[in-house]
Amino acid sequence: MEDRAELQPHDQRLGKRPQPPDDQPAVTTRSENIGQWTAKPLWQLNYTSPDTGKLEPANTQVVTGMITLDMRVSSRTAVPWTDPVMAYSSVRFDYAGPTAGKHKGTVFTEARVELVMSLKAPAVDQSARHILDAQQLSERTFPSWAGKTVPGATEPLHRLIDKDKQKKNRENAIATCNDVWGDYSGTKLQCDEYPFTSTKEGAAAPGNRFSARLIEGTDNETGGRRLNDMFTLNRILDGDAFYVKITP
């Protein structure tokens, strides 16, 4: 029995032609039997990609790659068998700056990223309840309309970096809070919106698939910090998908 793992890098810099890495290993495939893989399970390949200059919004220097596992089985008494893509994993290498926490990093792009909040967590129980209501009882949230659905549980949300668009999301959410509950200035309440201001599915997105609700300000602010922590810990860049899960 023989299996082979192969790394196939490719470049997806925005606005630039694909370029080969500056430096790459001479051998990029490894074909050995199971015993040899068991004896030496770790295999490291080092690639260096060109630095294309100063970090700017239009030059985040994103490079993607694919790791594939090709398995082949052969025997003197059996018909040979092969599976060219037994397993694979997409990876992203980026120099995206403080938006992603550390300036440079690597992520597995097909991993499911979730923001998890609990109804039993006193610090964010109101935020969690609001999100769960929006996901499961959306017709009872505001704005209210028949057939309303709100994404985030099975349909992903996508991070939004643009500050002007974030501002529009926030303004639409606050307008809904003011319309439903009136003037709440001078209170400890804040207008909580879901999907979040920092998502492309926020309150200014087409379709009014959002919910706005007054909750305690400290709860709202703590929820916002946890969202930002999730963004940086998982290197969620502009347009990257993630989900929101509420636990009992």
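Rings of Phe, Tyr and Trp (its six-membered ring) pair if their centres lie within 6.5 Å, with planes under 30 degrees apart counting as stacked, over 60 as edge-to-face and the rest as tilted. With that criterion, a search of the whole structure finds 3 aromatic pairs, and two of them are stops below.

The model on screen is predicted, so local features need pLDDT of at least 70 and side-chain atom pairs count only at pLDDT 80 or more, whereas totals for chains, interfaces and linings use all residues. Residues are numbered from 1 along each chain as its sequence is written, and side-chain values use heavy atoms, with hydrogens and water left out.

Begin with the whole chain in cartoon view, where 4 helices and 10 strands follow the pattern β-β-α-β-β-β-β-α-β-α-β-β-α-β along the sequence; these elements are DSSP runs numbered from the N terminus, helices being H or I of at least four residues and strands E of at least two. Of the 248 residues, 38% are buried, a term that means under 20% relative accessible area with a 1.4 Å probe, protein chains only.

Next select β6 (114–118), β7 (157–158) and β10 (residues 241–247), which form an open sheet of 3 strands in the order β6-β10-β7, with mixed pairing; two strands pair if DSSP finds at least two bridges between them. The edge strands are β6 and β7, each of which pairs on one side only. Between β7 and β10 the sense is antiparallel, over 2 bridges, and H158 has A241 of β10 as its bridge partner.

Now add helix α2 (residues 125–136), which lies across β6 and β10 and runs at about 110° to β10, and then helix α4 (residues 217–233), which lies across β6 and β10 as well, running at about 150° to β6. Angles run from 0 to 180 degrees between N-to-C directions, the axes being lines fitted to C-alpha atoms, for helices over the stretch in contact, where contact means heavy atoms within 4.5 Å.

Show the side chains of F231 and F242: their ring centres are 5.4 Å apart and their planes stand at 85°, so the pair is edge-to-face. Because F231 lies in helix α4 and F242 in strand β10, the pair ties together parts that are 11 residues apart in sequence, and both residues are buried.

Move on to Y194 and F196, whose ring centres are 5.3 Å apart with planes at 85°, so this pair is edge-to-face. Y194 is buried at a relative accessible area of 0%, and F196 counts as buried at 11%.

Finish with R112, whose charged end sits over the ring of Y243, 3.7 Å from its centre; the criterion is NZ of Lys or CZ of Arg within 6 Å of the ring centre and within 35 degrees of the ring normal.

How values were computed:
Buried < 20%, exposed > 50% of the residue type's maximum accessible area, 1.4 Å probe, protein only.
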